[in-house]
Every structure is written in C-alpha cells, then in structure tokens.
Amino acid sequence: MSKFHGIGAYAPTHSYELLPFKFDRLNDKEYLLTNMVGEFLVIPEALLGDIVGHTLPLTSDWLPDLRAKQFLRFPEEQAPLELLALKLRTRMSRLAQFTNLHIFVVTLRCDHSCPYCQVSRQSEDKAAFDMTPEMADRALDFVFRSPNPAIKIEFQGGEPLLNFEMVKYVVTQAKERNRTEGRNLQFVIATTLSLLTDEMLAFCKEHQISLSSSLDGPADLHNANRPRPGRDSHQRFEEGLQRARAALGFDYVSALMTTTEKSLPRVREIIDEYLRLGFDGIFLRPLSPYGFAIKTKRFMAYDAARYLEFYKEGLQYIIELNKAGIRFSEYYSSLVLAKMLTSNDPGFVDLMNPSGAGIAAIVFNYDGTVYASDESRMLAEMGDPAFRLGNLLEQSYEEIILSDNLLDALEDSFTLSVPMCADCAFEPYCGAEPVYHHAVHKDVVGRKPESGFCSRNMGIFKHLIGLLRSDPETRQILTGWANRC
Ligand code: SF4
C-alpha cells in the first residue's frame, strides 16, 4: 500500500489573493510582471487575464513561480507578506544611513577644455576659483554631521590636482577628526591624471587615496573629446595610469568614459582600448545635459535610440568576450542587474528612489555653496540655482538638509507617486532623477514620454531582461555581474 496520497491531494484548494504588482507588455506575445522588491516574471499574454481575474487553475505550472516571487498568496499565508516586507526593508536600508558621498570641488581651474565638459571650468591661473582652508573646515564640519558610518570624500574640479595643497589639507584634517569619529573613511580624486607628480602619488599611497579618471577610447577619439595644450591628453592619461598603478596598486585607479557623437560608431574599439590598458570593465556612459553640454547643445548630438544602438552593440561584444573567457563587464548593466536579481540596491544616485540627490551624495563648491549633486552645481553655473541648498558660511546643517529646494525635489519626484512611473513595470529598477528632468523639462517630474532618461532606461531594462532569457551562458555571465556589484 502507498504511504502517500496522489499528487492531487497536495494541490491548494483555496483561491489565491493578488499581492501588489505591475505589468507591461514586453513584446507581441508576452507581458512582464514586476513587484515593489524587483522580482520579475515574463508570462504569455493570455495568462495575464487569468491571473488578475482569479481564474488561474490551482494546478497551473505558473503557480509555484508566482507564489515564490510574491505575486500572489493564499489567504492564510503570512510568509509572503513577511518576505515582501523584509526585501523592501533591505532595498531601502540605505536611506537610514543617509549621506555617504561628499564631493569637495577644490578648484574650478582645469588644463583641459572639453566641449562637453559638465563644469564651467576656469583657466589654470585663476586661483580665485580655489577652495580655501576656512571653507574646507566648514565642509568637514558638515561631513561629520552625517550619521553614515561610511564616509567617502571625493575631490572634483576643474582638475583637483591644480589645487593639491587643498586635497592634502582636507585629507589630513578629515583623518585627524576621524580619530574620535571612527568612521570608515575613503578618499577619491577625480582627475585626468595629466598633472600627476611623484609627490602626489606618494601622498595618495600614504593615505590610500583612489584615483577616478577618464578614458574615452583610442588616442584620436580621446584627444578629440578632451583637448588640452599639446593635444596629448591620451598620452598623459596612459603614462599617469601606469605610474599610478605601479605606486598605488592596480585596483586604485578606475576610468569613466563619456559617449560623444564621435564615439557612436566605435564602441568595439573603445572596449578594446579598455582591454589593452588592463581594465576589467567599462561604463558606457551617455552625455549628460548639464553645464557646457547643455549650453553648447552637445547632449542633443544623439538621441536615446542612437545611444541604445551603441549600448547594445557594446554589450553584445562584451558578452562575446566573456564567452571567449575574457572577464569584462559593463558597469551600468551590472547596477541594473543587481536591482533585478538581488534584494540589494547598489545605491547608484541616478537609479535611486527617492532620488539620491542631497541625501546619498552632496556637493561643496569651492565658494561654500552646497548643491544636491554634481549635476546641480553644473546647472547653477549655467545660471539655474534650482538645486542650490545653501552656503556653508550662512546656513546650518539642518537648514541645508531640510531646505525646500531639496525636500520639494525629493518629494515631488518620488517615482511611486508621479505620472507614468507610478504605473511603470520597470519602476523597481529605475530612478527619480529630478535634476535631469528639471534641466531638460524645467520640472522635476518631467514628461516621461519625451524623456531621454526614461526611454534610454526602459530600453536598457527590456534589453537586459531579453538577454537574461536568451541562453544559459549569457544568463550566467549577467548573474555574475549582478553579484559583483
Ligand atoms: S522614468 Fe520611465 S522607465 Fe523609469 S520608472 Fe518612470 S516611466 Fe518607467
């Protein structure tokens, strides 16, 4: 006699309840379901009506997945609710820690004159655009008011190496204060590397300072994008890179690329250049509509559709490289995949909701003005002070953090309550981006059907979901990127 009943005896006998989820058409035949914690499921078109109409047979093969991903539950089950709450708390846990990244603009001076530059740079000799020790002290007062146990101080410009004395001052003062604060303190200098000296490298080594640089591709492309006297930006970058890696260690130097219209037909060459120089990943970063880029209309040189072609071609090449045994990743995709495949939010400011502006990252300009983000500073330099939060000499920490300019922008752009985003199935992977939409549409919510940010991201999300479903090897590669984030 059998010890067990037949399989039918274990099938659920009650009808199910729907848990909150959103859906969107993925293609002609399929829908995408997502929920607030980023779980997703692609289902055949016909199934959607059954699910929402509560007519899905309890013996359906789809039921286990729908339950496991908390799209529905049986009335007596508490575990799905508790799991949803736990995953949501994990995703939102960064909010409680508050500001991590503090950007010090130590000078606006620069030796480069890039046409798409996001900063209103000043020529090398205008020291009036340098941060003073008094201002740096005020900024450090502000930094250590953040409750975050991890504090990152990033030096930006202009070219921060043109005011290296101030970099040294801030690092030594911050470390001194940290003797009693006991925070996890990190330092980064955003630099082209063109003015890097051995003395600077010795200081960086002593204080474990990372260097974040820029590489736009092969020499001719990089030099065309980043003009400087002598037209030797790429050569200086490469020399600086080798010396910095030798002095600090390989992983202490990273590079960012910016996609200009000249980059569009050359994505494979750009990736090859990163490989040649020993990088294990690239950020295929579009132009931002800020600062000089918006003034010169350079950001309109290509639209979201053309950028997506570039991105998809690059991603395909990178996946081919991985399949051939070369470990290399695309960083933006990795961030999105982490939001799709894990319970973590990697905390990338552009993909945060509420927006990370002012609360995940904050900027101290050389003159003491505080901005919600680097992009906010760039807008202000072009005459738009919408995200100017105050001045270190005039306002307290509380007045700056609680300023209407910041709170209104965060509240008004919250994706779960703004038109289109509130109903969008891709919302769990997206971000609020009030600064971008204010820059382009003069409104922190923006008009999403016309938004380049929206169409670019939606294209990326759909493409990544397609790749995750393409073949097991591709899925394995992309899962690896998500887990390394
Ligand atoms: S910006 Fe676009 S893709 Fe992002 S959540 Fe809003 S509607 Fe969706």
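Trainee: How do the residues of the shell around the ligand divide into nonpolar, polar and charged?
Mentor: In this predicted model, the shell has 6 nonpolar residues, no polar ones and 2 charged ones.

Trainee: Which residues are around the ligand?
Mentor: You'll find Met420, Cys421, Cys424, Glu427, Cys430, Lys448, Cys454 and Met458 there.

Trainee: OK, switching to the sheet. What's the order of the 3 strands in the open sheet?
Mentor: The order is 2-3-4, and the pairing is antiparallel. Strand 2 (22-25) and strand 4 (40-44) sit at the edges, each pairing on one side only. On average, neighbouring strands are turned by 25 degrees against each other, ignoring direction.

Trainee: And what packs on that sheet?
Mentor: That's helix 1, residues 45-52, which touches strand 2, strand 3 and strand 4. The helix direction makes about 110 degrees with that of strand 4.

Trainee: Back to strand 2 and strand 3: over how many bridges do they pair?
Mentor: Over 4 bridges, in the antiparallel sense, with strand 3 covering residues 30-34.

Trainee: What stands opposite lysine 22?
Mentor: Threonine 34, in strand 3.

Trainee: Different spot now. Is threonine 369 buried or exposed?
Mentor: Buried, because its relative accessibility is 4%, and the cut-off for buried is under 20%. Threonine 369 lies in strand 15, residues 369-371.

Trainee: What does the side chain of threonine 369 make a polar contact with?
Mentor: The side chain of aspartate 367, at 2.8 Å.

Trainee: And leaving aside neighbours within four places in sequence, which residues is threonine 369 in contact with?
Mentor: Val363, Phe364, Arg388, Gly390 and Asn391.

Technical notes. Residues are numbered from 1 along each chain as its sequence is written. This is a predicted model: local features need pLDDT of at least 70, side-chain atom pairs count only at pLDDT 80 or more; totals for chains, interfaces and linings use all residues. Side-chain values use heavy atoms; hydrogens and water are left out. A residue is near a molecule or strand if one of its heavy atoms lies within 4 Å of it. Ala, Val, Leu, Ile, Met, Phe, Trp, Tyr, Cys and Pro count as nonpolar, Asp, Glu, Lys and Arg as charged, and the others, Gly among them, as polar. Two strands pair if DSSP finds at least two bridges between them. Helices (H or I, at least four residues) and strands (E, at least two) are DSSP runs, numbered from the N terminus. Axes are lines fitted to C-alpha atoms, for helices over the stretch in contact, and angles run from 0 to 180 degrees between N-to-C directions. Contact means heavy atoms within 4.5 Å. Buried means under 20% relative accessible area, exposed over 50%, partly exposed in between (1.4 Å probe, protein chains only). A polar contact is a pair of N or O atoms within 3.5 Å; within protein, one must be able to donate a hydrogen and the other to accept it, and residues adjacent in sequence count only if both atoms are side-chain atoms.
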